Amino acid sequence: MAMLTMMYAHIPATQAASAATRFPLIRSQQHQEAVLDHHPQTKTSNRANRLAESLSHLLHLHIETPPKTNSPQFSNMFTEEKHSTPTTSPKENISEKWREIHGSKDWEGLMDPLHPWLRREIVKYGEFAQATYDAFDFDSFSEFCGSCRYNKNKLFDVLGLSKNGYAVSKYIYAMSHIDMPNWLERSHLVETWSKDSNWMGFVAVSDDEETRRIGRRDIAVAWRGTVAPSEWYEDLQRKLEPIGDLDAKVEHGFLGIYKSKSVKTRYNKLSASEQVMKEVTRLVEFYKSKGEEVSLTITGHSLGGALALLNAYEAAKSIPGLPISVISFGAPRVGNNAFRDELNQIGVKTLRVVVKQDVVPKMPGLVLNEGLQKFEEITGTLEWVYTHVGAELKVDVGSSPYLKKHGFNFLGFHSLETYLHLVDGYLNKETSFRSNARRDFALVNKACDMLVEDLRIPHCWYQLEHKGLVCNHHGRWVKPRREPEDIPSPTREAEAEAHALQVEMQSDYVLQSLCTANMKGQF
């Protein structure tokens with residue numbers, strides 16, 4: 001299977017949302033599935049269909065092949081309703097149940113049916129993971145390829161995520177000493193912002209209002225992943241290496257990206273591991289010193305889901321007693337049985353969202369996986385077998401009347417926007433897509449082609465105007481210069497972090513002084 005590559009060229013979500021609401025909205029009638037028109041089949045297409053069907057049976061993906069009928073059944077599902085309806089569910093106060101929502105009981109009784117509070121939290125963290133794609137510079141002809149397009153102070157504002165009530169406190173950068181196939185983006189230009197590093201995500205913290213709503217100060221870490229499933233997962237499945245002091249082992253490529261560093265680089269003198277743990281530790285100590293309850297929620301899609309597990313493992317080892325949850329989307333297997341068992345023992349709670357048709361969660365370890373546990377009495381414990389971790393929420397492309405049901409759309413099945421669409425419409429294992437789902441379905445086609453044609457939403461529509469070119473005062477089309485504050489700068493970021501820390505300390509000092517004065521006034 002050839003490597004697929006998705007190139008993002010983004011516009012701010014706040015602008016995109018207004019455009020997206022102009023499209024008509026459909027709703028399911030009696031939960032009937034959509035069937036599209038198909039052209040008469042040729043011998044070639046028949047062979048392709050049989051091949052797709054054979055592969056789907058091999059991978060247990062349950063992908064339907066095109067029907068032999070041309071009768072349309074979707075035209076009666078159009079409606080002009082809900083053009084001005086909100087695209088998010090109401091924010092409920094979950095402060096009394098936050099531990100259960102955060103996974104203290106492994107989400108028992110909350111997933112079938114899916115509790116609306118949990119659904120909203122899953123979508124919230126999924127949007128953080130999506131932000132790592134929406135703000136990423138994929139343009140290989142840009143000198144800033146591999147960086148974030150926006151500085152951390154305006155990231156959420158530009159992407160329309162300020163409504164979630166979090167503020168970004170730090171960016172995370174990663175590199176790899178291992179020769180990886182297209183895990184990190186590289187610019188074709190000689191002069192670039194970095195020859196070694198990629199922006200891999202961020203650390204954010206809930207503001208006071210959101211903290212009151214969710215019942216604790218939440219530190220969120222979002223890891224960027226890959227957007228195209230490909231055979232590199234399978235290529236690396238036999239390369240497990242130890243982590244920790246016991247028998248736990250993890251895929252060496254994932255660990256390499258998480259742990260790699262070099263004093264010769266600008267952004268990875270500290271590894272991604274060291275960067276994120278330094279910031280998380282600082283935030284935990286700061287808010288605990290103020291007497292607040294603190295949690296850590298780590299999210300990521302694809303490769304980002306794998307990095308999220310490694311991050312959670314390290315955080316649980318380093319900060320005992322801290323409630324830690326991972327919410328991942330389309331994540332591959334990361335380690336062996338011992339790694340899974342150790343994560344359970346140290347209290348990491350993991351919720352894996354999986355699309356049934358997505359191939360990535362089945363890798364690495366397409367054959368050698370947790371399914372071999374049934375033979376343990378014969379084989380004993382197999383340290384080299386890959387195993388998934390935590391609870392699984394499985395959603396199905398076939399449940400949504402908005403999505404194409406036929407063909408082998410690897411890219412669309414793995415897209416994070418497809419995941420978020422399906423989570424937003426999920427009720428339980430037996431029920432089709434909920435009719436009152438709020439999330440804008442047009443977002444699904446931001447960077448793939450998954451929506452049925454009758455919706456008239458163009459595929460890969462989320463692009464910069466004129467693909468990023470601007471017309472200068474001479475009438476020539478050129479690439480614009482970035483705003484100075486959006487140009488990656490290790491020095492400026494370090495200064496900003498030091499200033500933020502100083503402001504926090506001063507604020508804390510003023511608060512303590514006021515409390516002391518009030519106490520003296522009482523006596």
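## A seven-strand sheet and its helices

Serine 328 stands opposite arginine 352 in β11, and that pairing is a handy way into this fold. The model is predicted, so to speak of local features a pLDDT of at least 70 is needed, side-chain atom pairs count only at pLDDT 80 or more, and totals for chains, interfaces and linings use all residues. Residues are numbered from 1 along each chain as its sequence is written, and side-chain values use heavy atoms, with hydrogens and water left out.

**The overall picture**

The protein's secondary structure comes to 15 helices and 15 strands. Helices (H or I, at least four residues) and strands (E, at least two) are DSSP runs, numbered from the N terminus. Of the 523 residues, 52% count as buried; buried means under 20% relative accessible area, exposed over 50%, and partly exposed in between, using a 1.4 Å probe and protein chains only. Take the contacts (heavy atoms within 4.5 Å) with a separation of 6 or more: residues 24 or more positions apart account for 76% of them.

**The sheet**

In what order do the 7 strands of the open sheet come? The order is β3-β4-β5-β8-β9-β11-β13, and the pairing is mixed. Two strands pair if DSSP finds at least two bridges between them. The edge strands are β3 and β13 (391-395), each of which pairs on one side only. On average, neighbouring strands are turned by 15° against each other, direction ignored. For angles like this, axes are lines fitted to C-alpha atoms, for helices over the stretch in contact, and the angles run from 0 to 180 degrees between N-to-C directions.

Here are three of the pairings, each with a residue pair:

| Strands | Sense | Bridges | Residue pair |
|---|---|---|---|
| β3 (residues 166-174) and β4 (residues 198-206) | antiparallel | 8 bridges | tyrosine 166 and serine 206 |
| β9 (residues 324-329) and β11 (residues 349-355) | parallel | 5 bridges | serine 328 and arginine 352 |
| β11 and β13 | parallel | 5 bridges | arginine 352 and glutamate 392 |

So what about the two edges? Strand β3 is mostly covered, with 8 of its 9 residues buried. Strand β13 has two faces: Ala391, Leu393 and Val395 make up the covered one, while Glu392 and Lys394 are on the uncovered one.

**Helices against the sheet and each other**

Helix α9 (residues 272-289) lies across β3, β4, β5 (217-223) and β8 (294-301), running at about 155° to β3. Helix α8 (residues 252-259) also meets α9: their axes come within 5 Å and cross at roughly 60°. That makes α8 oblique to α9; angles under 35 degrees count as roughly parallel, over 145 as roughly antiparallel, 65 to 115 as roughly perpendicular and the rest as oblique. On the α8 side the contact uses Ile257, Tyr258 and Lys259, and on the α9 side Ala272, Ser273, Val276 and Met277. By class, these residues divide into 5 nonpolar, 1 polar and 1 charged. Ala, Val, Leu, Ile, Met, Phe, Trp, Tyr, Cys and Pro count as nonpolar, Asp, Glu, Lys and Arg as charged, and the others, Gly among them, as polar.

Now for helix α4 and helix α14 (residues 416-425), whose axes come within 10 Å and cross at roughly 170°. That makes α4 roughly antiparallel to α14. Among the residues making this contact are Ile122, Val123 and Tyr133 of α4 and Leu416, Leu420 and Val423 of α14. The contact has 7 nonpolar, 2 polar and 4 charged residues.

**The cores**

A nonpolar core is a set of buried Ala, Val, Leu, Ile, Met, Phe, Trp, Tyr and Cys residues joined through side-chain atoms within 4.5 Å. Which members of the largest core, with its 69 residues, touch the most other members? They are Leu118, Ile122, Phe128, Leu155, Phe156 and Phe202. Helix α4 (residues 116-134) gives this core its largest share, 8 residues. Leaving aside neighbours within four places in sequence, isoleucine 122 is in contact with Leu114, Ile327, Phe329, Leu351, Val353, Leu393 and Val423. Apart from this core lies another, of 45 residues, including Val221, Ala312, Ile319 and Val326.

**Two smaller spots**

In helix α11 (residues 337-345), the residues Asn337, Phe339, Arg340, Glu342 and Leu343 are buried. Just after α11, glycine 347 takes a positive phi of about 90°.

Tyrosine 386 is found in strand β12 (residues 386-387). Buried or exposed, which is tyrosine 386? Tyrosine 386 is buried, because its relative accessible area is 1%. Tyrosine 386 and glycine 335 are 51 residues apart in sequence, and 5.4 Å apart in space, C-alpha to C-alpha.
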